[in-house]
Amino acid sequence: MKNKEIYTTITAGIHKGKKIKIPAIGTTRSTKSILKGSFFDSIQFEIRDHIFVEVFGGSGSMGLEALSLGAKKAYFIEKNATAFEILRFNCAQIDKNNTICKRADSFEYFETLLSRIDSKSFFYFDPPFSIRDGMDDVYEKVYQLIGMIPTSKVALITIEHMCTLKIPKNVAPFMLQKSKKFGKSSLSYYR
């Protein structure tokens with residue numbers, strides 16, 4: 001029996017209504033619509049003409065939504081081969097000229113990506129939740145990545161995480177602005 005394809009939809013902006021494929025695999029987790037809506041409601045007027053970096057790319061739904069709302073470019077890093085092929089497909093369907101996709105381990109490639117960014121950017125971290133095998137220290141590693149980002153390149157840093165995680169008030173020089181809970185997931189914003 002063939003796997004049924006799963007889709008989500010871009011909800012706002014110039015690509016509103018376009019469908020995005022979602023990987024039907026256990027290694028990625030799609031961002032909830034209510035969480036995505038809340039995130040973009042809070043930054044929709046800031047995102048225009050900025051770069052959006054989706055550090056754990058998955059299907060690319062966050063970065064593609066950012067492009068739809070006027071971001072000038074979106075970068076994606078995705079390690080899983082199946083998810084990466086879907087990510088590349090989605091980027092080609094929605095906005096192939098303003099998307100850069102890299103198949104790599106986010107923890108190994110992030111510093112290289114940072115060297116290619118020359119302006120204030122929105123960084124979105126949605127790592128695999130620490131309840132997965134081998135992911136016990138995933139948030140500590142994310143904090144280390146955030147510590148590499150020069151303040152001159154940051155418009156906003158957002159972490160999507162389990163709501164049970166005690167998130168620090170400061171990560172490197174960045175201060176927690178707010179956290180918002182959505183069921184089992186939360187969003188925490190740093191500037």
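Two strands pair if DSSP finds at least two bridges between them, and strands (E, at least two residues) and helices (H or I, at least four) are DSSP runs, numbered from the N terminus. The exercises below concern a predicted model, in which local features need pLDDT of at least 70 and side-chain atom pairs count only at pLDDT 80 or more, whereas totals for chains, interfaces and linings use all residues. Residues are numbered from 1 along each chain as its sequence is written, and side-chain values use heavy atoms, with hydrogens and water left out.

**Exercise 1. Sheet order and pairing**

Determine in which order the strands of the open sheet lie, and which strands form its edges.

Solution. Start with the order: the open sheet has 8 strands, arranged β5-β4-β3-β6-β7-β10-β9-β8 with mixed pairing. At its edges lie β5 (99-103) and β8, each of which pairs on one side only.

Next, take the pairs one by one. Strand β3 (residues 51-54) runs parallel to strand β6 (residues 121-125), and 4 bridges join them; here E54 has Y124 of β6 as its bridge partner. Strands β6 and β7 also run parallel, joined by 5 bridges, with S121 opposite V154 in β7. By contrast, β7 and strand β10 (residues 185-190) run antiparallel and are joined by 6 bridges, and H161 has its bridge partner S186 in β10.

**Exercise 2. Helices across the sheet**

Find which strands helix α2 and helix α5 lie across, and at what angles they run.

Solution. Contact means heavy atoms within 4.5 Å, while axes are lines fitted to C-alpha atoms, for helices over the stretch in contact, with angles from 0 to 180 degrees between N-to-C directions. Helix α2 (residues 61-68) lies across β3, β4 (73-78), β5 and β6, and runs at about 170° to β3. Helix α5 (residues 138-148) lies across β6, β7 (154-162), β8 and β9 (174-182), and runs at about 180° to β7.

**Exercise 3. The nonpolar cores**

Identify which residues of the largest nonpolar core touch the most other members, and which element supplies its largest share.

Solution. A nonpolar core is a set of buried Ala, Val, Leu, Ile, Met, Phe, Trp, Tyr and Cys residues joined through side-chain atoms within 4.5 Å; buried means under 20% relative accessible area, exposed over 50%, and partly exposed in between (1.4 Å probe, protein chains only). The largest core has 30 residues, and F110, F123, F125 and I157 touch the most other members. At least two residues come from each of β3, β4, α4 (106-116), β6, α5 and β7, and the largest share, 6 residues, comes from α5. Among the contacts of I157 beyond four places in sequence are F123, F125, I146 and F174. Another core, of 27 residues, lies apart from this one and includes F40, M62, L64 and C91.

Consider β7 itself: 9 of its 9 residues are buried, so this strand is largely enclosed by the rest of the structure.

**Exercise 4. Two cysteines**

Explain why C91 forms no bond with C101.

Solution. A disulfide is a pair of cysteine sulfur atoms within 2.5 Å. The closest cysteine sulfur to that of C91 belongs to C101 and is 3.4 Å away, so the two are too far apart for a bond. By this rule the model has 0 disulfides. As for accessibility, C91 is buried at 2%, whereas C101 is partly exposed at 24%.
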